[in-house]
Amino acid sequence: VSHSSKRSISLKTSGIATSFRYNPSWRSSSLIFSQSFSVSADKKQEREEKKEDREEKKQHRQEKKQDKEHNTDQSSQQSGKTKENFFKSTAWTQIVGTIGALLNWTIPLAAITNFLSDKDPLVIDPVMTSVLAFYSTLFMRWALAITPTNYPLLVCHFCNVIAQTAQVGRHLKARYERGSPPPHPVT
């Protein structure tokens, strides 16, 4: 039992704190009874452990957030490196080669369309058509020489050589049949 200067009496028995205070505002001398449960050492330890767990989780979340930001920075740097490596890869070469072959198909398609049309064969420029046939012959060889071999480009240029040769043959046949003189050289 302890006495304090504020006129209260406290008893501590078996983990339960009981205190009696004198309240002078009351007319009769009555005691105010309050009872509270004291926290045992085990419960204090549990609270401290929970508090530590919360702090660890908070720190873990912060570390995770920092790692995520760091990884985002690294991935953006690596994506730049990946882009550089991609442009030097065989996949990029194949993509560009295929797009080139698709666009090159416009040349033989134009020759085939002209071949099937009713246009006068003397309109065909034999010099330009011969140059296109020679160009396609060179690029057929190039399509085989590169690594990886670009077969779509090879087929495109092969068709172009055939189409341009047919155009030159058509022009020469029409000129021979009509007895036309050779065209004037381009100056």
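**Exercise 1. How far is the sulfur of Cys156 from the closest cysteine sulfur, and in which residue does that sulfur lie?**

Before solving, two notes on the model. This is a predicted model, in which local features need pLDDT of at least 70 and side-chain atom pairs count only at pLDDT 80 or more, while totals for chains, interfaces and linings use all residues. Residues are numbered from 1 along each chain as its sequence is written, and side-chain values use heavy atoms, with hydrogens and water left out.

*Solution.* Start with the criterion: a disulfide is a pair of cysteine sulfur atoms within 2.5 Å. The closest cysteine sulfur to that of Cys156 belongs to Cys159, at 7.2 Å, which is too far for a bond. Cys159 is therefore in no disulfide, as its nearest cysteine sulfur, in Cys156, is 7.2 Å away. A search of the whole structure agrees, with zero disulfides found.

Next, look at burial (buried means under 20% relative accessible area, exposed over 50%, partly exposed in between, with a 1.4 Å probe and protein chains only). Cys156 is buried at 1%, whereas Cys159 is partly exposed at 24%.

**Exercise 2. Describe the order of helices and strands in the protein chain.**

*Solution.* Helices (H or I, at least four residues) and strands (E, at least two) are DSSP runs, numbered from the N terminus. Counting them gives five helices and four strands. Reading from the N terminus, you meet β-β-β-β-α-α-α-α-α.

Now add contacts, meaning heavy atoms within 4.5 Å. Of those between residues at least 6 apart in sequence, 50% join residues at least 24 apart. As for burial, 18% of the 187 residues are buried.

**Exercise 3. Find the salt bridge and place its partners in the chain.**

*Solution.* You are looking for a side-chain nitrogen of Lys or Arg within 4 Å of a carboxyl oxygen of Asp or Glu. The structure holds one such salt bridge: Arg178 and Asp120 meet through their side chains at 2.7 Å, N to O. The pair links distant parts of the chain, 58 residues apart. Arg178 sits in helix α5 (residues 151-178), and Asp120 in the loop between α3 (106-116) and α4 (126-145). Both partners are partly exposed, Arg178 at 47% and Asp120 at 31%.

**Exercise 4. Which two residues does a cis peptide bond join?**

*Solution.* Recall that most peptide bonds are trans. Here, Thr147 and Pro148 are joined by a cis peptide bond, with omega about -5°. To place the bond, note that Pro148 lies in the loop between α4 and α5.
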